[in-house]
Amino acid sequence: LDDDQKISVPLNRLGLPPGTIYHLWEFWEKRYLGRVSSRFQIALKCPSTRLVAIVPERSHPWVLSTSFHYTQGGVDLQQVQWNAQRKTLSGILMRPAGVSGFIYLIAPKHKTCSLEQIAPGVYRYPICATSPRTRWRVKFSEVKNPGASSEAFGGTPAPASVRNPGPRGRGPQRISRSKLR
């Protein structure tokens, strides 16, 4: 196959249940491909490959991908959990100290955070491992009227805290929004 192609991928052929909505993330291009429920199409410029994470939609924020490893969180994240009372998504990054990259998060329309929004409902969390097991946490807030804004997923993010253990074990540091840009 030497010609560029557009490939159609039916989700049921991947063993995914029908009627479920999924979010797609392309690893090599670091790009959100959108929401799908039955199939998606992807362009292949030959010779090339695509590596797409297919993540089921949830009623709360969740990890979409990472920039660290081609498993997109499969080997580099542990203990990811949503705390509904505290409105926080947290986990442990499993990378050597000093390695930096991104965790990409997806949030429903009624949730927002102070991280950079790179696509509707998709947030980029810059993180640098301070140890082989770096704890991370992102606080989300409710969007008052998610349908009222012309910007998808709620317009301007509300203030929220993002915590990442500081460099060289100096303890947690608050990351301001200005540091994330």
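Which residue forms a salt bridge with arginine 35? In this predicted model, the partner turns out to be glutamate 57, with the closest N and O atoms 2.9 Å apart. Arginine 35 sits in strand S3 and glutamate 57 in the loop between S5 and S6, so this pair ties together parts of the chain that are 22 residues apart in sequence. Neither end is hidden away: arginine 35 is partly exposed, with a relative accessible area of 45%, and glutamate 57 is partly exposed too, at 32%.

That salt bridge belongs to a total of five. Some of them share partners, and in this way Glu29, Arg31 and Arg50 are joined into one network. Within the network, the side chains of arginine 31 and glutamate 29 meet at 2.9 Å, N to O. Arginine 31 is partly exposed, with a relative accessible area of 42%, and glutamate 29 is likewise partly exposed, at 36%. Glutamate 29 also meets the side chain of arginine 50, here at 3.2 Å, N to O. Arginine 50 comes from the loop between strand S4 (39–44) and S5, while glutamate 29 comes from the loop between strand S2 (22–26) and strand S3 (31–36), so this link bridges 21 residues of sequence. At 27% relative accessibility, arginine 50 counts as partly exposed.

Stepping back to the whole chain, the fold is built with 16 strands and zero helices. Of its 181 residues, 40% are buried. Among contacts with a separation of 6 or more, 62% are between residues 24 or more positions apart. The chain exposes about 10300 Å², and carbon and sulfur atoms supply 50% of that area.

What about the inside? In soluble globular proteins, nonpolar side chains tend to be buried together. Here the largest nonpolar core has 28 residues, and the members that touch the most others are Ile103, Leu105, Trp136 and Phe140. Several strands give two or more residues to this core: S5 (52–56), S6 (62–66), S7, S8 (88–93), S9 (100–106), S12 (122–128) and S13. Apart from this core lies another one, made of seven residues, including Val9, Leu11, Leu24 and Ile42.

Aromatic rings come next, with six aromatic pairs in the structure. In one of them, the rings of phenylalanine 27 and tryptophan 28 have their centres 4.9 Å apart and their planes at 75 degrees; an angle over 60 degrees counts as edge-to-face, so that is the label for this pair. Phenylalanine 27 is buried, since its relative accessibility is 7% and the cut-off for buried is under 20%. Another edge-to-face pair is formed by tryptophan 82 and phenylalanine 140, at 6.0 Å centre to centre and with 65 degrees between the planes. This pair links distant parts of the chain, 58 residues apart: tryptophan 82 belongs to strand S7 (residues 77–83), whereas phenylalanine 140 lies in the loop between strand S13 (134–139) and strand S14 (141–142). Both rings belong to buried residues, with tryptophan 82 at 18% relative accessibility and phenylalanine 140 at 1%. Phenylalanine 140 has already come up as one of the core members that touch the most others. Elsewhere, Trp25, Phe102 and Tyr104 form one aromatic cluster.

Two of the rings also have a charged side chain over the face. Lysine 30 lies over phenylalanine 27, at 5.7 Å from the ring centre. Phenylalanine 102, from the aromatic cluster, has arginine 124 over its face, at 5.1 Å from the ring centre.

Finally, the backbone holds a couple of oddities worth a look. Glutamine 79 has a phi near 50 degrees, a positive value in a residue other than glycine, and its place is in strand S7. Lysine 87 also has a positive phi, near 55 degrees. Lysine 87 is found in the loop between S7 and S8 and, at 28% relative accessibility, counts as partly exposed.

Note on methods:
Residues numbered from 1 in each chain as written. Predicted model: local features only at pLDDT ≥ 70, side-chain atom pairs only at ≥ 80, totals over all residues. Heavy atoms only, no water. Phe/Tyr/Trp six-rings, centres within 6.5 Å; stacked < 30°, edge-to-face > 60°. Buried < 20%, exposed > 50% of the residue type's maximum accessible area, 1.4 Å probe, protein only. Helix = DSSP H or I, 4+ residues; strand = E, 2+ residues; numbered from the N terminus. Lys NZ or Arg CZ within 6 Å of the ring centre and 35° of its normal. Core = buried A, V, L, I, M, F, W, Y, C linked by side-chain atoms within 4.5 Å. Salt bridge = Lys/Arg side-chain N within 4 Å of Asp/Glu carboxyl O. Contact = heavy atoms within 4.5 Å. Areas by Shrake-Rupley, 256 points an atom, 1.4 Å probe, with all protein chains shown as cover.
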